[in-house]
Amino acid sequence: FGMFKHPQNKSTFEKKSIDVTTAWNLYENLTKLSTGIHELDLILGGGIHSKQITEIYGEAGTGKTQLCMQLMLHSLLPQKKGGLNGGVFYISTQKQMSLARFSQIREAFTDKYHGVSLELENIIVRHASYIDEYDLIFQNELHELLESGNNIKLLIIDSIAGLCEAFIGQSEVDTIGRANFLLKMTAQLKALIW
């Protein structure tokens with residue numbers, strides 16, 4: 001096998017150290033956002049994991065929006081208390097977020113976490129009844145905030161189903177439109193994560 005020559009310089013064969021990261025190491029290093037419900041955090045492996053899209057679903061009136069409100073407040077907490085130490089961008093699509101209910105949840109939250117100051121100005125709430133409004137908020141305002149270095153760590157869209165109601169009961173063409181909208185939205189969300 002005369003095609004390969006041994007190098008004259010033995011340093012060519014020196015061992016090089018290579019950093020290896022396993023999938024488990026990456027998983028373990030994800031930041032986890034506490035839900036504020038110990039049992040649910042255990043089921044979720046420590047809470048809602050960062051760098052992922054998490055869908056919360058259920059029948060109307062089962063507490064999905066309330067859970068999102070709790071997540072908003074927990075996001076403001078330091079990481080050592082189960083938070084993300086960052087802001088929240090909340091997009092409501094079906095109806096305006098209930099400030100009365102949010103105040104109740106905030107009061108219970110401050111009772112539970114004595115002495116923790118909540119910087120509520122780090123929660124940005126927007127309402128979009130239509131897909132065009134959502135697109136403007138998502139593509140313009142959210143992107144501008146992120147590009148300006150805003151410390152947004154959690155995006156909540158409550159709810160994606162609300163945006164898709166425009167397609168319900170429509171023709172086959174609109175079903176394709178809904179599918180295209182959902183594919184576009186998923187791609188946008190994945191791009192934000194990475």
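This is a short tour of a predicted model, with three stops to select in your viewer.

**Stop 1: two strands and a helix**

Start by selecting residues 87-92, which make up strand 3, and residues 123-127, which make up strand 4. How do these two strands run, and how many bridges join them? They run parallel, and five bridges join them. To look at one partnership, pick Y90: its bridge partner in strand 4 is V125. Now add helix 4, residues 99-112, to your selection. The chain leaves strand 3, passes through helix 4 and arrives at strand 4. This β-α-β crossover is right-handed.

**Stop 2: aromatic rings**

Next, show the side chains of Y134, F138 and F181, which ring pairs link into a cluster. In the whole structure, a search finds three aromatic pairs. A pair of aromatic rings is described by the distance of the centres and the angle of the planes. For Y134 and F181, the centres are 6.2 Å apart and the planes are at 80°, an edge-to-face pair. Y134 belongs to helix 5 (residues 131-147) and F181 to helix 7 (residues 172-193), so their pair ties together parts that are 47 residues apart in sequence. Are these two residues, Y134 and F181, buried or exposed? Both are buried.

**Stop 3: a pocket**

Finally, select L76, P78, N85, G86, G87, S117, L118, E119, N122, N150 and N151. Together they line the second largest pocket, which has a volume of about 160 Å³. Try colouring the lining by residue type: three residues are nonpolar, seven are polar and one is charged.

Conventions:
Residues are numbered from 1 along each chain as its sequence is written. This is a predicted model: local features need pLDDT of at least 70, side-chain atom pairs count only at pLDDT 80 or more; totals for chains, interfaces and linings use all residues. Side-chain values use heavy atoms; hydrogens and water are left out. On a 1 Å grid over the protein atoms alone, a cavity is a set of points where a 1.4 Å probe fits but cannot get out, and a pocket is an open set with protein on both sides within 12 Å along at least five of seven lines; lining residues have an atom within 4 Å of a point. Grid points are joined across faces, edges and corners, and a volume is the space filled by probe spheres set on the points. Ala, Val, Leu, Ile, Met, Phe, Trp, Tyr, Cys and Pro count as nonpolar, Asp, Glu, Lys and Arg as charged, and the others, Gly among them, as polar. Rings of Phe, Tyr and Trp (its six-membered ring) pair if their centres lie within 6.5 Å; planes under 30 degrees apart count as stacked, over 60 as edge-to-face and the rest as tilted. Helices (H or I, at least four residues) and strands (E, at least two) are DSSP runs, numbered from the N terminus. Buried means under 20% relative accessible area, exposed over 50%, partly exposed in between (1.4 Å probe, protein chains only). Two strands pair if DSSP finds at least two bridges between them. A crossover is right-handed if, with the strands pointing away from the viewer, the path from the first strand over the helix to the second runs clockwise.
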